[in-house]
Amino acid sequence: MFSLLFLLSVNASAATGQVVRGRLLDTDGATAIGGAMISLVDDRDRQLDRNLTRQSGLYQLMAAAEGRYRVRADRIGYATTYSDYFEIAVGDTVLVDLVARVEAISLAGIEAEGERRCRVRPEEGLAVTRVWDEARKALEAAAWTQERGYYRYEMMGIERQMDRENRRVVSEDRSYGGGYRQTPYVSLPAEELMQEGFARLTPVESVYWAPDAAVLLSDEFLDTHCFRVRRDGNRAPGLIGLAFQPVPGRNLPEISGTLWIDPATSELERLDFFYENLNLPDALLAAAAGGTVEFQALPNGTWIVDSWRIRVPRARVTTNPFTRRAESVLDGISVHGGDVLRVHGNEGTVLQADPGGRIAGVVFDSLRGGLAGARVYIEGLASEAVTSTDGRFELVHLQPGVYSVNFSHPYLEPYSYIPKPFEVEVVEGATTPAQINFVAPTITRIANSLCHDEEQPDERTITAHGDSFANDGILMGQVTDSTGAGLPGAMVRVLLRSFDISRLTEPSSAGAAIRVAYGGAVFPTDHNGYYRACWLPVDIDLRISVVGFDADVELDASSGEPLWDLAELQGATLVIPSEAPVRTLDLRVESNWLLPSVSPQTVR
């Protein structure tokens, strides 16, 4: 049911186009329907203009030329409504009110077995056509939203490296950005993709593209791909799929895939796709390069791509042990993508994204109270959280996979103590966070573990006077500049004051190589400026000083050069008592350290 009324322009000669406007109403003829896609189509159902109805049901379309047209109204999950044909002349404005059909579209009963043949542009009446019509409605709304570009997106870009099984996360970089843009994700034009392919593979670089809504709707794509209905209880339980593949004879880098739709609501969930015809070694093809594009409906009827991923093989060149020839092997899988965190429009925030996979828990102190200010992080990823006053944390926006999670706290840093990480698996589709708790170690436990990996000398240190001292001492601290920033690569010398400690055996620090030479030992600072010296003599004066930096001090135990001959940049003398064999000494290098001056900062 519809009403049709022609209005002549007051000044037709000045008109810049022909206008069709009206309202979409419910079956009662009075209630407006917003968020429906209204299209101006010709007698071949080719779409000439489109627009979404407002909450008032109003719409407006433009006809580029005079002619015979009709209006089509699409709502996801409902049958399409058409007006009667009408003629429009130059400068005319036509009012067309439509009453929407109430016939619901059900995809629940469609079975994949009935549509095994892959069809290009399938004719009406087939199950594949019914599924395509519902997918098309969401794609057209997404393409229309992309064209208008009036949302502001807060985005998170993701570059992730996975292992060869695409299960363990090796590393990840995240970037955040916002700003007005047409859409979070835009592909290349369909014509270019159909002519040159979805991938560019050269010896210098490899570039891959995923399709957006405009590409999937294009005549170029529809004419070069065939469709069929499928189901997959493992990858998409409960969903119905519209699978597509390139027509025979397409030898360019192509894609095959499936548009997955919820049969209960007829809403498009996502697109899964795989690359075809890639000129790559078999070892790299085993990575099954492909990707996922997820679609999201917004409250006003617009649709966006709110998440996308492209998975591609990461190669490594090695020598074949049998042929002695260089060949490419699969080193891992690189994942490139992005997520929409928030969408803002004139009406405010219209979408707050789901936090995705999560890992949550508590960091406890040694007394089982919540430890505030601890940094919980995923090893290899730019993902971290700081615990609240009760020690709680939550890591969000994680993809399914196995992650190594660890924590740090300021009180651990002087000891260069790194707790043992725990592996946590984020399961796809989980509604609750994966849980993990940490318990921070006591100072005693830290002290007992500081030199666990370094062999303690069996022999005692004997001075030139014949005095014997046990090698039970542990000394640690930080070397900083005048601003308090840690200095990496500083060389901290430890000497027995006025005595030879050449019997001090060479430790094997797991954190850094300790250099030993005649007369003492030198210990380098780590990337934060911390050093650790294990198994020093106790109950005797030790001279501690900075003698330069890694690039300036070259020591060789066989050189015979006494350590005391190295210029001392002022230091400090201390005794490590046997009853408390763990001490801390911080050293400060002044800002003009090229003319070095070192002073003891704190001794604890």
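Which residue of strand 26 is the bridge partner of isoleucine 378? The legends below, which describe a predicted model, begin with this pair.

**View 1. Isoleucine 378 and its partner in strand 26.** The bridge partner of isoleucine 378 is valine 405, a residue of strand 26. Strand 23 covers residues 375-378, and strand 26 covers residues 401-408. These two strands pair in the antiparallel sense, and four bridges join them.

**View 2. The open sheet of four strands.** Strands 23 and 26 belong to an open sheet whose order is 24-23-26-27. The pairing in this sheet is antiparallel. Strand 24 (384-386) and strand 27 (422-426) form the edges, each pairing on one side only. On average, neighbouring strands of the sheet are turned by 25° against each other, direction ignored.

**View 3. The second largest pocket and the residues at its centre.** The second largest pocket holds about 1,200 Å³ of space. Its lining consists of 33 residues. Those nearest the centre of the pocket are Asp45, Arg72, Trp132, Asp133 and Arg136.

**View 4. The elements and residue types that line the second largest pocket.** Strand 4 (47-52), helix 1 (127-148) and helix 4 (219-224) each contribute at least two residues to the lining. Helix 1 gives the most, with eight residues. By type, the lining of this pocket comprises 18 charged, eleven nonpolar and four polar residues.

Terms used. Residues numbered from 1 in each chain as written. Predicted model: local features only at pLDDT ≥ 70, side-chain atom pairs only at ≥ 80, totals over all residues. Heavy atoms only, no water. Pairing = 2+ DSSP bridges. Axes fitted to C-alpha atoms, helices over the stretch in contact; angles between N-to-C directions. 1 Å grid on protein atoms, 1.4 Å probe; cavity = no way out; pocket = protein on both sides within 12 Å on 5 of 7 lines; lining within 4 Å. Points joined across faces, edges and corners; volume = space filled by probe spheres on them. Nonpolar A, V, L, I, M, F, W, Y, C, P; charged D, E, K, R; others polar.
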